[in-house]
Amino acid sequence: MTHFSTALMTDHYELTMVNAALRDGTADRACVFEVFARRLPTGRRYGVVAGTARLLDALADYRFSPEDIAYLRSTNVVDEATAAWLADYHFSGEISGYAEGELFFPGSPILTVSGGFAECVMLETLILSVFNFDCAIAAAAARMVTAARGRTLIEMGSRRAQESAAVAAARAAYLAGFTSTSNLAAGRAYGIPTTGTAAHAFTLLHADEPTAFTSQVAALGKQTTLLVDTYDISQGIRNAIAVAGPDLRAIRIDSGDLSVLAAQSRALLDSLGAPDTKIVVSGDLDEYAIAALAAEPVDVYGAGTAVVTGSGAPTAGLVYKLVEVEGRPVVKRSENKGTVGGRKTAVRRHKPTGTATEEIVVSQGAADHQAGDRLLQRTYVTDGVFAAPIPLAESREHLREALISIPWEGLKLSAGDPAITVTVVPSTVPPAL
């Protein structure tokens, strides 16, 4: 695996701006940048904030090494003055944002970065790289969790993703409510439960299926899961129970018409005296396939490709925009890409029953507080000092509660409008020219 410097996640164009700002004296102007989505992926009704803890870990160690700077000088990306500035770089500003696991909608200011222009602008690519990926995976995974209706979900998409992205995807899926992952690196890094079983290759390695099953059970015990569809599924189930007995934990089906096969397999297991042996299904499952199996006797879903690719929405579509300079709002007026200037404060409004009704976003001010309002932003970095790490279990629980709070229509898998409307109250301060 090729290792690279996190600091060099800074884009060339960002350092172009730093070069110029240092030269013209604007590098230290107090600025505010915000991360938000102009729209959700087509058909989606909510987004999920994910990756915050990963980002803060990366930013805490965000430094340019002598080797990084030597590379930038040798390629004429930066001049001597900028190289000297980078050698002493550490983020000294402030970062606040929505809790990891919070839901977001178009216009939600999910992350706010403030400080000098140069120190903030060079973080754009790293911030968007983490958030656009993790938020996309978490949103897709959350839809799968909803479709599974409380049944177990295993993340198993590592073979369909770049190696470091696979670890991040496993974390985002677990945050969204998946039970475990097959990715051992994610298990070690984030304390996520890991699970897995043999593939078809193990069965094909042996002279016949019973021999393969006997070997697996001898090594792992009856609490293992046997893959029964290498040859004939019905015979595979018979072989599995003959070898392991009725105490076998589970069988896995990885191909075919899963709806029909799950029902047939359940009936066969019951007839063999194995009513407690669970059925695990896998094979290109997305939220729609999982929902289609809701009435079938499936106990566990294994999802891979759809999870790590955002189930058709591989990016959350987030942007990082300058919204304030030295206390005055600045706005972008480009067609279809306009922005609302000024630092934002956001609250989620709820009915007495706890159901969320609206999100109020106020520029350079605060919403009039009402009963049931919940402030959405929290502080992560103050004057360059990072707050305590965010426990993954806390983010996971936050998302579970957030999904309960939105109107039931917001959990539908069909295309529809965002579950909650964001009302933006613009600043009364004239924007800077």
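Reader: Happy to look at this with you! Which element gives the most to the lining of the largest cavity?

Author: In this predicted model, three residues of the lining of the largest cavity come from one element, and that is the most any element gives. Strand 2 (47–48) also supplies at least two residues. The element that gives the most is helix 6.

Reader: How many cavities of 30 Å³ or more are found in the whole structure, and how much space lies in the largest cavity?

Author: The search covered the whole structure and found one cavity of 30 Å³ or more. Its lining has 13 residues, and P41, G47, C135, A139 and A316 lie nearest the centre. The space in the largest cavity is about 70 Å³.

Reader: How do the residues of that lining divide into nonpolar, polar and charged?

Author: Let's take the groups in turn, beginning with one charged residue. Two of the lining residues are polar. The remaining group, the nonpolar one, has 10.

Reader: Staying with helix 6, is R143 buried or exposed?

Author: R143 lies in helix 6. Leaving aside neighbours within four places in sequence, R143 is in contact with R44, Y46, E287, Y288, K412 and L413. Its relative accessibility is 5%, and the cut-off for burial is under 20%, so R143 counts as buried.

Reader: Now to helix 1, please. What distance between its end C-alpha atoms does the model show, and what span should we expect?

Author: Helix 1 covers residues 12–24, which makes 13 residues. The expected span is 1.5 Å times one less than the number of residues, so it should be 18 Å. The model agrees with this, as the end C-alpha atoms are 19 Å apart.

Reader: Which helices do the buried residues of helix 1 pack against?

Author: The buried residues in question are E14, L15, V18, N19 and A21. After the helix comes G25, with a positive phi near 85 degrees. The packing partners of the buried residues are helix 3 (66–74), helix 4 (80–87), helix 5 (117–121) and helix 6 (124–148).

Reader: Let's turn to charged pairs. How many salt bridges are found in the whole structure, and how many residues apart are R348 and E102?

Author: A search of the whole structure gives 14 salt bridges. In one of them the side chains of R348 and E102 meet at 3.1 Å, N to O. R348 sits in strand 14 (residues 344–350) and E102 in the loop between strand 3 (94–98) and strand 4 (103–104), so this pair links distant parts of the chain, 246 residues apart. Both R348 and E102 are buried.

Reader: In the salt bridge of R252 and D254, which residue counts as partly exposed?

Author: The two side chains meet at 3.4 Å, N to O. R252 has 10% relative accessibility and therefore counts as buried. The partner at 27% falls between the 20% and 50% cut-offs, so the partly exposed residue is D254.

Reader: What about R349 and D373: which residues are joined into one network by salt bridges that share partners?

Author: R349 and D373 meet in a salt bridge of 2.8 Å, N to O. The pair links distant parts of the chain, with R349 in strand 14 and D373 in the loop between strand 15 (356–363) and strand 16 (374–375), 24 residues apart. R349 counts as buried at 13% relative accessibility, and D373 counts as buried at 13% too. As for the network, salt bridges that share partners join E102, R348, E359 and R374.

Key
Residues numbered from 1 in each chain as written. Predicted model: local features only at pLDDT ≥ 70, side-chain atom pairs only at ≥ 80, totals over all residues. Heavy atoms only, no water. Helix = DSSP H or I, 4+ residues; strand = E, 2+ residues; numbered from the N terminus. Buried < 20%, exposed > 50% of the residue type's maximum accessible area, 1.4 Å probe, protein only. Contact = heavy atoms within 4.5 Å. Salt bridge = Lys/Arg side-chain N within 4 Å of Asp/Glu carboxyl O. 1 Å grid on protein atoms, 1.4 Å probe; cavity = no way out; pocket = protein on both sides within 12 Å on 5 of 7 lines; lining within 4 Å. Points joined across faces, edges and corners; volume = space filled by probe spheres on them. Nonpolar A, V, L, I, M, F, W, Y, C, P; charged D, E, K, R; others polar.
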